[in-house]
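This report covers nonpolar cores, a surface patch, a helix and a loop residue. The sequence and structure come first.

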Amino acid sequence: MQVFTFILILVMAVVASQPLTRLFRIVPLPIVQIALGAALVWPTAGFHPRIEPELFLLLFIAPLLFADAWEAPKREYRKLMRPILSLAFGLVFFTTLVCGFALHWLVPSMPLPVAFALAAALSPTDAVAVSSIVDKERVPKNLMHILEGESLLNDASGLVVFRFATAAALTGSFSLWQASLAFVFAVVGGAAAGLLAVAVVTGALKLLAKSDRIAPEAQVLVIVFLPFVAFLAAEAVHASGVLAAVVAGVAAGHTRTARQLSVSVYMLTHSFWVMLAFLLNGAIFVLLGLQLPAIIRTIPPALTGTHWLWQPLGIIVALTFCLITLRFLWISVAIALSRLAARRFRLEQFRTTLRTRLAGSVAGVRGAVTLAGVLSLPVLALDGSPFPGRDVAIFLAVGVILLWLAIASLSLPPIVRGLAVGHGAVHAIEMRRARIAATEAAIAQLESVTHRGGADGTATIEQAVAEGLIAAYRRRLALLEDGQTPREEVAALQSAENALRQAALAAEREALRDLLKRGEIDDVAFNTLAHELVLHDVLAETKTRSH
């Protein structure tokens, strides 16, 4: 009963964070959700949950990364592969090495292997937090794609390096050769587990698609199981479960496992993942807030030598700005080397400005994976003594997460203002060309129906319907091809069409209610017909938006 109550309150907190964010417009959504979590747990009688890190990665991180990877823009990721891999792997190693020594210097009581473990846990970024702070449309498309692609991969690389550093802290020994082999195995094994899970699920969907007796909900459940199956399969062989979930999402989206799904199943699956991503993203920050009061109440003595407040705050500030600076330096050097390579090998060059590099540095917000990693540090060492520096690592990690969120919330919107000018026009042109091509294909298909004719030469029902559809498609094509059509005219046409459609649907709903009241139809018929009206409304609204 306590678990159910906790889940219910967690969901209510996520739901309540939305109207509160609109009320306090200056405060971003993650900060509001953290504050709600802290408010739930601050009193002595509040909630004090203990979260198992491995379970947290399985239930929260794996499905979130899978959903992001499924919807990832594959073409853009291939185009931006060099900067994404550079940040996801190169920057993780660079941050772990430099930040590890910096941590050991700032907190001498923290052993160097533990400092490296904390630095590795602080390497993964959280693109979801960035999109909650600033509108994606205001960020240049390439920069947002790089941040999202980096976030998908550096979660896995950061956690793998963290695992090796933690093992070195426990055993007191470290072999670069063995660690390198283990890293390669974790990456290759995780990728293989993800691909294997996709192959198994795709085969299951093919079998289910052959049977009309299988309910759509059962097929949805098969898709839902995919990230968890991939994660558990990888962890069973000591590979990266996080990377397995990412690879499964990318492979399922690239090979279009959804082709095995009917329209109704695809709509159910898409709606489920949208709702689940909304819930899990919010729950992660609420859970962070739930951990906050206990961490603040027990500031480790190793951080309070000079002053109980200013010394730990100073260390958190220094560590955060060290991470931001390292990120800025890596991005600047990587861009310079990329330009040299592009000139030498005649590759495509990426144009960047100082503001773009600064935005990419500040946008490297830390979040859920950092929290899950640092909480997974062992409580006891192999000899039964307390694990050295665990409380210090947790305190510093939470402090960096909160401070970086605050810095990004205040500085990122003005930094990116005006950077995305012109990017929307390019995207709009691409969308218009695609719609024209799709509309022309639809007209060609319908015209082939009109040319068939009946057995006696008279027009068939299919021909009459096709001619009506062709007329509608030609009106759409005329608006799309006429690049000079004023936006006001198109907007007025869409507004009038939407208003008339809503009025017609309202009349249909009212007629169905009258029939239900008079007892001419039962509740089952009413609900079925009302559901059809909702589907018609959604499809018509989607069509209007696409114009």
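In which helix is the place of valine 15? Valine 15 lies in helix α1 (residues 2–23); helices are DSSP runs of H or I with at least four residues, numbered from the N terminus.

The model is predicted: local features need pLDDT of at least 70, side-chain atom pairs count only at pLDDT 80 or more, and totals for chains, interfaces and linings use all residues. Residues are numbered from 1 along each chain as its sequence is written, and side-chain values use heavy atoms, with hydrogens and water left out.

Two separate nonpolar cores are listed below. Such a core is a set of buried Ala, Val, Leu, Ile, Met, Phe, Trp, Tyr and Cys residues joined through side-chain atoms within 4.5 Å; buried means under 20% relative accessible area, exposed over 50%, partly exposed in between (1.4 Å probe, protein chains only).

| Core | Size | Residues, including |
|---|---|---|
| Largest | 68 residues | Leu103, Met110, Leu118 and Val374 |
| Second | 63 residues | Phe60, Leu91, Val201 and Leu205 |

Helix α16 (residues 390–416) supplies the largest share of the largest core, 16 residues. Valine 374 touches Leu118, Ala121, Phe162, Ala393, Ile394 and Ala397, leaving aside residues up to four places away in sequence; contact means heavy atoms within 4.5 Å. Val374 is also among the buried residues of α15. In that helix (residues 368–375), 8 of the 8 residues are buried, so it is largely enclosed by the rest of the structure.

Histidine 238 sits in the loop between α10 (216–236) and α11 (241–254). Its phi is positive, about 65°, although it is not a glycine. Histidine 238 is exposed, with a relative accessible area of 61%.

Terms used: Helix = DSSP H or I, 4+ residues; strand = E, 2+ residues; numbered from the N terminus.
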